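Dear colleague,

I am passing on to you the structure that I have been reading, and my notes on it follow below. Please look through the sequence and the model before you turn to them.

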Amino acid sequence: MREHGLVLRIVGVYDECVRRLELVNATGATSAPGATSATSATSATRAKIPAKAIVDTATIVRSFVEDDHEKLEEEFVFPRCAKLSPALAELVKVLKAQHDAGRRLTDALTKVTDASLAQSEARAKAVDAMKAF
C-alpha cells in the first residue's frame, strides 16, 4: 500500500534526524569518534537539524497517517476483524494500542523547537520519540 510506503519514508527521515542529533553532545558541540578540528566543522554542519524538519514530518504523520489512514482502519477494518475471531479481536486491541502510542509520539514531536533541540534533555526526548516511532 502507498500509505505504508509513506510511513517507511517518514521512518527514514526520523532515522536521519536521530543520526544527526546524536552527533551533538550535551554542550551543543559535535562529537564524532576520531574527529579533528578539520572534521568538526563538517560534523557540526551535518548535526544541525532545524526543528521545523521534525515538526513538519510529524505534521504529515498527524494529517495523513493518523487522521486518514489509521482512522479508516479503526472505523472500518478493525471492527470487522474483531468480529471474525477472538484471536483477531486481540490483535485489533494491540494495533489500536500501537496507534495510540504513535499519536503520543507525534504529540511530542510536534512540540519540538530549535531552542529545545539545544537542550540535551529535550533533545534526548525528541531522539527517543523518533526512535520509538
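Is glutamate 22 buried, partly exposed or exposed? With a relative accessible area of 44%, glutamate 22 counts as partly exposed, a class that runs from 20% to 50%. Please bear in mind throughout that this is a predicted model.

To begin with the overall picture, the protein has 6 helices and 0 strands, and its pattern, read along the sequence, is α-α-α-α-α-α. Of its 133 residues, 28% are buried. Among the contacts with a separation of 6 or more, 71% are made by residues that lie 24 or more positions apart.

Next comes the interior. The largest nonpolar core contains 20 residues, and those with the most contacts inside it are Tyr14, Leu21, Ile54, Leu109, Val112, Leu117 and Met130. Two or more residues each are given to this core by helix H1 (2-21), helix H3 (51-84), helix H4 (86-109) and helix H6 (120-132), and H3 gives the most, with 6 residues. If you would like one residue from which to explore this region, methionine 130 may serve, since, leaving aside its neighbours within four places in sequence, methionine 130 is in contact with Tyr14, Cys17, Val18, Leu21, Ile54 and Leu109.

Helix H6, in which methionine 130 is one of the buried residues, can be described in some detail. This helix has 13 residues and reaches 18 Å from its first C-alpha to its last, which is close to the 18 Å expected at 1.5 Å a residue. Its buried residues are Arg123, Ala126, Val127, Ala129 and Met130, and because they cover an arc of only 160° around the axis, they are on the same side of H6. An α-helix has 3.6 residues a turn, so residues three or four places apart point the same way. On the other side of H6, the exposed residues are Glu121, Lys125, Asp128, Lys131 and Ala132. The cover over the buried residues of H6 includes H1, H3, H4 and helix H5 (114-117).

Alanine 124 also has its place in helix H6, and at 37% relative accessibility alanine 124 counts as partly exposed. The C-alpha atom of alanine 124 is separated by 8.4 Å from that of glutamate 22, although the two residues are 102 residues apart along the chain.

That leads back to glutamate 22 and to the charged pairs. Side chains of opposite charge can pair when their charged atoms come close. The structure holds 12 salt bridges, and one of them joins glutamate 22 to lysine 131, with the closest N and O atoms 2.6 Å apart. Glutamate 22 lies in the loop between H1 and helix H2 (37-47), whereas lysine 131 lies in helix H6, so the pair ties together parts that are 109 residues apart in sequence. Lysine 131, for its part, is exposed, with a relative accessible area of 52%.

Two further salt bridges are found within helix H4. In one, the side chains of lysine 93 and glutamate 90 meet at 3.3 Å, N to O, and these two residues are 3 residues apart in H4, about one turn of the helix. Lysine 93 is exposed at a relative accessible area of 54%, while glutamate 90, at 44%, is partly exposed.

In the other, aspartate 100 and arginine 103 meet at 3.2 Å, N to O, and because they are 3 residues apart in helix H4, about one helical turn separates them. Both partners are partly exposed, aspartate 100 with a relative accessible area of 27% and arginine 103 with one of 21%. Through salt bridges that share partners, Glu70, Glu74, Lys96, Asp100 and Arg103 are joined into one network.

Lastly, a note on the cysteines. How many disulfides does the structure hold? The count is 0 disulfides. Cysteine 17, which is among the contacts of methionine 130, is buried, with a relative accessible area of 4%, whereas cysteine 81 is partly exposed at 25% relative accessibility.

With kind regards

Note on methods
Residues are numbered from 1 along each chain as its sequence is written. This is a predicted model: local features need pLDDT of at least 70, side-chain atom pairs count only at pLDDT 80 or more; totals for chains, interfaces and linings use all residues. Side-chain values use heavy atoms; hydrogens and water are left out. A nonpolar core is a set of buried Ala, Val, Leu, Ile, Met, Phe, Trp, Tyr and Cys residues joined through side-chain atoms within 4.5 Å. Buried means under 20% relative accessible area, exposed over 50%, partly exposed in between (1.4 Å probe, protein chains only). Helices (H or I, at least four residues) and strands (E, at least two) are DSSP runs, numbered from the N terminus. Contact means heavy atoms within 4.5 Å. The expected span of a helix is 1.5 Å times one less than its number of residues. The arc is that of the directions from the helix axis to the C-beta atoms. A disulfide is a pair of cysteine sulfur atoms within 2.5 Å. A salt bridge is a side-chain nitrogen of Lys or Arg within 4 Å of a carboxyl oxygen of Asp or Glu.
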